[in-house]
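Please look through the model shown here before reading the points that follow. They deal with the surroundings of the DNA and then with the two protein chains.

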There are 2 protein chains.
Amino acid sequence: MINAAITLLRKKGLKPTQQRLAIYQALMTSRDHPHAQKIYRKVRKKHVTISLNTVYNTLEAFKRAGLIGSVKVLHDESARYDPTVDPHNHIVCMKCKKVTDLFEKKLLRIPTPSEIGGEFKIMGYRVEFFGYCRVCAGASP
Amino acid sequence: MINAAITLLRKKGLKPTQQRLAIYQALMTSRDHPHAQKIYRKVRKKHVTISLNTVYNTLEAFKRAGLIGSVKVLHDESARYDPTVDPHNHIVCMKCKKVTDLFEKKLLRIPTPSEIGGEFKIMGYRVEFFGYCRVCAGASP
DNA sequence: TCCTAAATAGTAATAATTACTAATTGTAAA
DNA sequence: TTTACAATTAGTAATTATTACTATTTAGGA
C-alpha cells in the first residue's frame, strides 16, 4: 500500500514525504469529497505538527500531477478534493453539502450546444445535480 | 423604464430606494454576469457614497425576490449576478472568466441518472461548459 | 407631518486560500 | 557515507470575497 504510494509519487516527481503520504492516504480512503480542513484534521491525528498550508500545497501538487481531482459546488464555499480522476459528475446535498459521484455515462456525452458557434474553444463541461440527501430530506428544514 | 422598476420592486415588497434602482439598472444593462465589485464600481459613478455592503444586501434581496439570478462558476472565486432568471446554463472562459448564457433547450431536459435511486430528492441541476473565449483562445497563455 | 420599520454607510469580523520566510529534509553526486 | 542543494515544511501574515454589526437615515403609511 504505502510502497505503492511512494513509487507513484516518485514517478510524478514528487518527493514522498511523511506528510504527503499521510495526505494521500487520507484522501484515498475518503468517499465524501473532503475539503482541506477535514483532511487536515484527519492527518493531524497521526502527524501532530502538520500545517494547514502543507495540506493545501500538497493537494494542489497532487492535482497538478493528475493524481487527484477537485470540485467546487454550488451551496458550499470551500474546494473539495476527489480521489477519483476518471471523468464523472456530482450531486450535492443543499443542506449538509455532501457530494456524491455520478458515473452515468450519458452525462459524459452531452453534445456542445450549437449556439456556442465559434465563440469558445470548448475544453470540457460538468453537470452538477443538487437536492437533498436521504437524511436531510427527512429532517426538518 | 425607471417607473417600471419602481413598480416592480414595490410589488415584491422592496422599497424602491435610489440605491436599489441604480443597482437594478446596472445589472439589467449588463450582459457579462458582473460580480458585486463590478456593480459597485459602476453604480458608484453616479451614487458616490453607496457602500459595497449595500450592493451585496440589495443583490441578495433581489435574488430572494426572484428578480435576478446568480452563478458561481469554476475558475472564478466570486459570485456573479445574472439579470436572466429563465432556466438556462453557462459557458465560462477559463482565462478571462467571462460568463455567457446558454439557452440550448436540450440542456434543460437531461434525465435524472438512475444511479441516484432514492438517495437524493433532486431539486435541479446545472451544466457548465468551460474553455477559452475567442479573445483568450487567440492570445498567448 | 410624524412614526416606525426597513434600508443604508461605514466599518469590523469571518472564512478560505495564498504568500512569505526561515528551518528542515530527501536525494543525487562526490 | 557524507555533502550540498533544491524541494518541502511549519508557522505565520496577507489577501479576497462575503457577512455581521451598529448607528444613522429614509420611505411610506397613519
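1. This is a predicted model, and a good place to begin is the surface near DNA strand D, whose residues divide into seven nonpolar, 14 polar and five charged. Of the 26 residues around this strand, those that come nearest are A:Thr17, A:Gln19, A:Ser51, A:Thr54 and B:Ala79.

2. Both chains take part in that surface, for two or more residues are given to it by each of α2 (18-28) and α4 of chain A and by each of α3 (36-44) and α4 of chain B. The element that gives the most is α4(A), with four residues.

3. Around DNA strand C there are 26 residues, and the closest of them are A:Ala79, B:Thr17, B:Gln19, B:Ser51 and B:Thr54. The surface near strand C is made up of seven nonpolar, 14 polar and five charged residues.

4. At least two residues of the surface near strand C come from each of α3 (36-44) and α4 (52-64) of chain A, and likewise from each of α2 (18-28) and α4 (52-64) of chain B. Here the largest share, four residues, is supplied by α4(B).

5. How can chain B be laid on chain A? A turn of 180° with a shift of 0.0 Å along the axis does this with an RMSD of 0.1 Å, which is the relation of a two-fold axis. Within chain B, the C-alpha nearest that axis belongs to B:Val127 and lies 2.2 Å from it.

6. The copies meet through the same surface, because 100% of the interface residues of chain B are also interface residues in chain A.

Terms used. Residues are numbered from 1 along each chain as its sequence is written. Chains are lettered from A and ligands numbered from 1 in the order in which they are written. This is a predicted model: local features need pLDDT of at least 70, side-chain atom pairs count only at pLDDT 80 or more; totals for chains, interfaces and linings use all residues. A residue is near a molecule or strand if its C-beta atom, placed from the backbone, lies within 6 Å of it. Ala, Val, Leu, Ile, Met, Phe, Trp, Tyr, Cys and Pro count as nonpolar, Asp, Glu, Lys and Arg as charged, and the others, Gly among them, as polar. Copies are superposed by least squares on the C-alpha atoms of residues with pLDDT of at least 70 in both. Two residues are in contact if their C-beta atoms, placed from the backbone, lie within 7 Å.
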